[in-house]
Amino acid sequence: MHRSGSDADRCADPRRHVRRDQRHRHPLRRHGSGDQLVKDLKERAAAATVDLDADDVTLAWRYAATKTPYIAGCCGAPGIMTRGVGATNAFEDSSQLWPEISWESILDRDPTVLVLADLGRGGDGDSAADKIKFLESDPVASKLTAVRNKRYIILEGTTMDPSIRNVEGIEKAR
């Protein structure tokens with residue numbers, strides 16, 4: 001069935017694909033080459049950590065869920081960003097990317113800062129505001145040093161996935 005002006009028609013238009021491909025190449029046009037983009041990102045990450053002393057900072061990266069949250073383990077983007085700022089990941093001994101961790105176990109590790117994913121999905125505990133509301137009202141979570149001191153870093157959820165956005169995560173962790 002053919003419908004004029006439908007999404008199928010627009011997707012079939014090869015000019016539309018060229019425009020889309022050009023949009024995705026935009027960062028390389030701006031920087032001149034992939035090598036230059038990598039150099040610029042490394043410089044931004046280094047600049048964000050100049051004079052940063054995070055030796056005594058312990059981060060816990062909370063992605064989603066309230067009852068048993070998904071907290072970043074050693075590896076993946078949170079691990080890269082944690083090492084990038086010179087802090088310690090409270091769950092760096094976990095080889096899972098996003099293990100479910102009980103609030104009692106999180107309290108045992110008592111991170112000094114919580115990095116919260118602000119997710120736009122609309123589920124229970126997805127937004128940063130919902131996460132903070134839960135943290136400050138839950139009998140166990142509210143005992144965390146990071147919660148008592150309101151030490152939160154809020155990042156878009158996609159920043160917690162491996163990508164060039166990780167540099168922005170390092171910059172915001174400052």
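Analyst: Let's start with one term: a helix axis is a line fitted to C-alpha atoms over the stretch in contact, and angles between axes run from 0 to 180 degrees along the N-to-C directions. Keep in mind that this is a predicted model.

User: Okay, so what do I look at when two helices pack together?

Analyst: Two packed helices are described by the angle between their axes and the distance between those axes. Try helix H3 (residues 34-48) and helix H8 (residues 166-173): their axes come within 9 Å and cross at roughly 15 degrees. Angles under 35 degrees count as roughly parallel, so H3 is roughly parallel to H8. The crossing of H3 over H8 is left-handed.

User: Which residues of H3 and H8 meet there?

Analyst: On the H3 side you'll find Leu41, Arg44, Ala45 and Ala48, and they meet Val167, Glu168, Ile170 and Glu171 of H8. Sorted by class, this contact has 5 nonpolar and 3 charged residues, with no polar ones. As for spacing along a helix, there are 3.6 residues a turn, so residues three or four places apart point the same way.

User: At what angle do the axes of H4 and H8 cross?

Analyst: Roughly 45 degrees, and those axes also come within 9 Å. H4 and H8 are therefore oblique to each other. H4 passes H8 in a right-handed crossing. Here Ala77, Met81, Gly84 and Val85 of H4 meet Asn166, Gly169, Ile170 and Ala173 of H8. The class count is 5 nonpolar, 3 polar and no charged residues.

User: Which residues of H4 are buried?

Analyst: In helix H4 (residues 77-85), the buried ones are Ala77, Pro78, Gly79, Met81, Thr82 and Val85. Their cover includes strand S1 (58-62), strand S2 (88-89) and H8. Right after the helix, Gly86 has a positive phi of about 80 degrees.

User: What sign does phi usually have?

Analyst: Most residues other than glycine have a negative phi. Now look at Ala65: not a glycine, yet with a positive phi of about 80 degrees. Ala65 sits in the loop between S1 and H4, and at 22% relative accessibility it counts as partly exposed. Another case is Lys150, also not a glycine, with a positive phi of about 50 degrees. You'll find Lys150 in the loop between H7 and strand S4 (152-156), where it is exposed at 54% relative accessible area.

User: Is Leu119 buried or exposed?

Analyst: Buried, with a relative accessible area of 9%. To see where that is, go to the loop between strand S3 (113-118) and helix H6 (128-137). Beyond its neighbours within four places in sequence, Leu119 is in contact with Tyr63, Ala64, Asp126, Ser127, Lys131 and Gly157.

User: How far apart are Leu119 and Thr158 in sequence and in space?

Analyst: They are 39 residues apart in sequence, but 8.4 Å apart in space from C-alpha to C-alpha. You can try the exercise again with Lys143, in the loop between H6 and H7. Lys143 and Leu107 are 36 residues apart in sequence and 7.3 Å apart in space, C-alpha to C-alpha. Leaving out neighbours within four places, the contacts of Lys143 are Leu107, Asp110 and Arg148.

User: How many helices and strands does the protein chain have?

Analyst: There are 8 helices and 4 strands. From the N terminus on, they run α-α-α-β-α-β-α-β-α-α-β-α. Of the 174 residues, 39% count as buried. Among contacts between residues at least 6 apart in sequence, 64% join residues at least 24 apart.

User: What is the average pLDDT of the protein chain?

Analyst: pLDDT is the predictor's confidence in each residue, from 0 to 100. The average for this chain is 83, and 81% of the residues score at least 70. Element by element, helix H7 (residues 145-148) has the highest mean pLDDT, 98, while helix H1 (residues 7-12) has the lowest, 42.

User: Over which residues does pLDDT stay under 50?

Analyst: Over residues 1-23, and for that stretch the model has 9 contacts beyond four places in sequence.

Terms used:
Residues numbered from 1 in each chain as written. Predicted model: local features only at pLDDT ≥ 70, side-chain atom pairs only at ≥ 80, totals over all residues. Heavy atoms only, no water. Helix = DSSP H or I, 4+ residues; strand = E, 2+ residues; numbered from the N terminus. Parallel < 35°, antiparallel > 145°, perpendicular 65-115°, else oblique. Left-handed = near helix turned anticlockwise from the far one by under 90°. Contact = heavy atoms within 4.5 Å. Nonpolar A, V, L, I, M, F, W, Y, C, P; charged D, E, K, R; others polar. Buried < 20%, exposed > 50% of the residue type's maximum accessible area, 1.4 Å probe, protein only.
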